[in-house]
Amino acid sequence: MSHPLPNMLESTLQKVREMINVDSVVGTPITTPEGITIIPVCKVSYGVGGGGSDFPSKNTARPEYPFGGGTGVGAKITPIAFLVINGQNVRMLPIATPANTTTDRVVEMVPDVLDRIAGFVDARKEKQSAEG
């Protein structure tokens, strides 16, 4: 019979794999009607811990494994930038200094991202008008 600690750690790591996947780092692309694609990019950090101890006892039901233990995980997902793809042009728009919460950061940066996208579209239209 195997010791329970490796099974506890493997179960915890499996849950981490289920929670944190590639979509947590590189988000789902968003395409505007003008054909511009915006891809959110995040930083993911997490820590995993686990431990246990054998407690000898006369009253233990399984004296060969008198075990007590636990595992835990902490995760943090931080948005850091957007990739903006417009035709053959790709630009990375970093997110400014973090605000108090993730929601605050996203709300604060939306106008800037929209202004930059509008600038890309206007520049593209001007270039096409000059060429045509």
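Here are a few numbered notes on this predicted model, going from the whole chain down to single residues.

1. Start with the overall layout. The protein chain has three helices and four strands. If you walk along the sequence, these elements come in the order α-α-β-β-β-β-α, so to speak a handy map for finding your way around the picture.

2. Next, the surface. About 9,200 Å² of the protein chain is accessible, and carbon and sulfur atoms account for 56% of that area. Of the 132 residues in the chain, 22% are buried.

3. How does the chain hang together across its sequence? Take the contacts with a separation of 6 or more: 55% of them link residues 24 or more positions apart. For one pair to look at, try G51 and L9, which sit 42 residues apart in sequence, with their C-alpha atoms 8.6 Å apart in space.

4. Now have a look at the nonpolar surface patch. L13, M19, Y46, V48 and V73 make it up, and it covers about 440 Å². Two elements give two or more residues each to this patch: α1 (4–19) and β2 (37–54).

5. One patch member worth clicking on is V73, which lies in strand β3, residues 67–86. Is V73 buried, exposed or partly exposed? Its relative accessibility is 35%, so V73 counts as partly exposed. The cut-offs here are under 20% for buried and over 50% for exposed.

6. Finally, back to G51, which belongs to strand β2. G51 has a relative accessibility of 28%, and therefore G51 is partly exposed too.

Terms used. Residues numbered from 1 in each chain as written. Predicted model: local features only at pLDDT ≥ 70, side-chain atom pairs only at ≥ 80, totals over all residues. Heavy atoms only, no water. Patch = residues over 30% accessible without salt bridge, like charges linked within 9 Å, V, L, I, M, F, W, Y side chains within 5 Å. Areas by Shrake-Rupley, 256 points an atom, 1.4 Å probe, with all protein chains shown as cover. Salt bridge = Lys/Arg side-chain N within 4 Å of Asp/Glu carboxyl O. Buried < 20%, exposed > 50% of the residue type's maximum accessible area, 1.4 Å probe, protein only. Contact = heavy atoms within 4.5 Å.
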